[in-house]
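User: I've got a structure open and would like to talk through a few of its contacts. Can you walk me through them?

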Amino acid sequence: MTEHEGNDVARTQDDPCMIIVEGVTQSGGKFRPSDWVERFAGNAATFGDDNRLHYSPYIKPTVYKGVKGLLVDPALREERPELFQQLVGFARANRLRIPRTCGVSELQELVEELEGEEQG
């Protein structure tokens, strides 16, 4: 990972709650394409004066338990509501695991919905 990408989530446990979207489906399969994390985080990224891509503090690539995923600040919901809704829709359509929702209602409901489907 480059300096502009998120670190392994295990190293950020003292930080405020951050949402995690894993690159793994509910059934345990690795989500493809492998660059989905960079593509999605790129939706909120900007190019700096150094002509390098800088990920938004609200959504950036990370590694969670050895798997690429997204680290999402719950404030994305208010700061970029259209991108937040796109994330929820993307996670639903692709049945992605969300091990940490930070109590965000849309994500908590999605997790319960997907877990219910797996059990049913």
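Analyst: Sure. Keep in mind that this is a predicted model. A good place to begin is D50, which sits in the loop between β2 (46-47) and β3 (53-54).

User: Which side chain does D50 join in a polar contact?

Analyst: D50 is partly exposed, since its relative accessible area is 41%. Its side chain makes a polar contact of 2.9 Å, and the partner is the side chain of H54.

User: Now the cysteines. How many disulfides does the count come to?

Analyst: Two cysteine sulfurs count as a disulfide if they lie within 2.5 Å. C17 and C102 have theirs 2.0 Å apart, S to S. The count by this rule is one disulfide.

User: Is the link of C17 and C102 left-handed or right-handed?

Analyst: Look at the angle about the S-S bond, which is -90°. That makes the link of C17 and C102 left-handed.

User: How many residues apart in sequence are the parts that this pair ties together?

Analyst: C17 is in the segment before β1 (19-22). C102 is in the loop between α3 (81-94) and α4 (105-119). So the disulfide ties together parts whose separation in sequence is 85 residues.

User: Are C17 and C102 buried, partly exposed or exposed?

Analyst: Buried would need under 20% relative accessible area, and exposed over 50%. C17 comes out at 38%, and C102 at 26%. Because both values fall in between, C17 and C102 are each partly exposed.

User: On to the aromatics. How are the rings of F31 and W36 arranged?

Analyst: The whole structure has four aromatic pairs. In the pair of F31 and W36, the ring centres are 5.6 Å apart and the planes meet at 90°. Planes over 60 degrees apart count as edge-to-face, so that is what we call F31 and W36: edge-to-face.

User: And is W36 buried or exposed?

Analyst: Its partner F31 has 11% relative accessibility and counts as buried. W36 has a relative accessible area of 5%, so W36 is buried.

User: What kind of pair do W36 and F90 form?

Analyst: W36 belongs to helix α1 (residues 36-42) and F90 to helix α3, 54 residues apart, so the pair links distant parts of the chain. F90 is partly exposed at 24% relative accessibility. The ring centres of W36 and F90 are 5.6 Å apart with planes at 25°, which makes the pair stacked.

User: Which residues do ring pairs link into a cluster?

Analyst: We've already met F31 and W36 as an edge-to-face pair, and W36 and F90 as a stacked one. With F40 added, the cluster linked by ring pairs is F31, W36, F40 and F90.

Methods. Residues are numbered from 1 along each chain as its sequence is written. This is a predicted model: local features need pLDDT of at least 70, side-chain atom pairs count only at pLDDT 80 or more; totals for chains, interfaces and linings use all residues. Side-chain values use heavy atoms; hydrogens and water are left out. Helices (H or I, at least four residues) and strands (E, at least two) are DSSP runs, numbered from the N terminus. Buried means under 20% relative accessible area, exposed over 50%, partly exposed in between (1.4 Å probe, protein chains only). A polar contact is a pair of N or O atoms within 3.5 Å; within protein, one must be able to donate a hydrogen and the other to accept it, and residues adjacent in sequence count only if both atoms are side-chain atoms. Rings of Phe, Tyr and Trp (its six-membered ring) pair if their centres lie within 6.5 Å; planes under 30 degrees apart count as stacked, over 60 as edge-to-face and the rest as tilted.
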